[in-house]
Amino acid sequence: MAGLEFHQFACLTDNYGVLVHDPVSGDTASIDAPDAQAVESALQEKGWTLTHILVTHHHWDHTQGIDDLKAKTKCHVIGPKEEADKINTLDEVKTDGDRFTFGGENVDVISTPGHTLGMINFHFTQSNVVFTGDTLFALGCGRIFEGDPEMMWNSLSKLAELPPETIVYCGHEYTQANAKFSLSIEPDNKALIKRASQIDALRTEGKPTLPTSIGLELETNVFLRAGNAAEFARIRAAKDNA
Ligand code: ZN
Ligand code: FE
């Protein structure tokens, strides 16, 4: 079986879009729809035709392109059951523990509330790729807009249990600012120091710092490394006020 192909592209101010393509069936999914034009350009560049959109959460910078893309391609839109009232274009809803297939591969749905209450993440089990939306970022995590710190800590802990080699794509390029903050929390973390300089080099060249991996985040992400909900809450509050 030929494996799925993943194509990441930057859009809006600091968002990422990702296309997932199955070379066998030709099916192509957009992870979220931050910007219809950017998604269309990426499709054109790759020569792929959109068949699905997989939505992580209701925020505008993840959903505003859905209407346009759906009108043009009649693609099938799958998104979070708990936010179906906020995303009125969903064809199919999913919640924690659901499994569906895309391109012959099992996709496990993991609910990760905190940033929003209904956030879902998609784990492509054979490729071992997870799309974490605005829950887990490289060296960071999403702001807690709708949930509470304990909820977010539990969500991050679920992602931390995925195999360390799991590849992580997320919604934003916030890594350089996250690295700076992380070093204020763990100034002696050698893996973090090394990664921070690699990130600076990548950003100087205008290159993305994503995707990352669960293993790398476990070594360097101060939010994942907090150890318990109370410590996580303290670090999250410090970042919010940084
Ligand atoms: Zn968001
Ligand atoms: Fe976002």
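# A tour of the predicted model

Begin with the open sheet of six strands, whose order is E7-E8-E9-E10-E13-E14 and whose pairing is mixed. Its edges are formed by E7 (99-102) and E14 (212-213); each has a single partner strand, so one side of each is left without a neighbour in the sheet. Please note that this is a predicted model.

Within this sheet, select strand E8 (residues 105-111) together with strand E9 (residues 120-124). The two run antiparallel and are joined by five bridges. To fix the register in the viewer, display Ser111, which stands opposite Ile120 in E9.

Next, move to the loop between helix H6 (190-204) and the edge strand E14, where Pro211 is found. The peptide bond between Leu210 and Pro211 is cis, with omega at about 5°.

**The whole protein**

Zoom out to the complete chain. The protein comprises eight helices and 14 strands. Its radius of gyration is 17 Å, close to the 18 Å that the globule rule gives for 242 residues, so the protein is as compact as a globular protein of that length. Along the principal axes, the C-alpha trace spans about 50 × 40 × 35 Å.

Colouring by accessibility is a useful next view. Of the 242 residues, 53% are buried. The accessible surface amounts to about 10500 Å², and carbon and sulfur atoms contribute 49% of that area. Among contacts with a separation of 6 or more, 58% are between residues 24 or more positions apart.

Now show the charged side chains. There are 20 positive and 35 negative ones, and the centres of the two sets lie 4 Å apart.

**Strand E2 and its two partners**

Select strand E2 (residues 15-21). Seven of its seven residues are buried, so the strand is largely enclosed by the rest of the structure. With side chains displayed, Asn15, Gly17, Leu19 and His21 point one way, while Tyr16, Val18 and Val20 point the other way; all are buried.

Add strand E1 (residues 5-11), which runs antiparallel to E2 and is joined to it by seven bridges. Here Cys11 stands opposite Asn15. Three residues lie between the strands of this hairpin, and Leu12 takes a positive phi near 50°.

Then add strand E3 (residues 28-31). E3 also pairs with E2, in the antiparallel sense and over four bridges. Val20 has Ala29 of E3 as its bridge partner. The hairpin of E2 and E3 has six residues between the strands, and Gly26 in its turn has a positive phi of about 85°.

**Two loop residues with positive phi**

Lys74 is the next selection, in the loop between helix H3 (66-73) and strand E5 (76-80). Although Lys74 is not a glycine, its phi is positive, at about 55°. What is the relative accessible area of Lys74? The value is 74%, above the 50% cut-off for an exposed residue, so Lys74 is classed as exposed.

Finish at Leu139, in the loop between strand E11 (136-137) and strand E12 (140-141). Leu139 likewise is not a glycine and has a positive phi, of about 65°. Is Leu139 buried or exposed? Its relative accessible area is 0%, under the 20% cut-off, so Leu139 is classed as buried.

Notes
Residues numbered from 1 in each chain as written. Chains lettered and ligands numbered in written order. Predicted model: local features only at pLDDT ≥ 70, side-chain atom pairs only at ≥ 80, totals over all residues. Heavy atoms only, no water. Rg over C-alpha atoms; globule rule 2.2 N^0.38 Å. Buried < 20%, exposed > 50% of the residue type's maximum accessible area, 1.4 Å probe, protein only. Contact = heavy atoms within 4.5 Å. Areas by Shrake-Rupley, 256 points an atom, 1.4 Å probe, with all protein chains shown as cover. Lys, Arg positive; Asp, Glu negative; His and termini not counted. Charge placed at Lys NZ, Arg CZ, Asp CG, Glu CD. Pairing = 2+ DSSP bridges.
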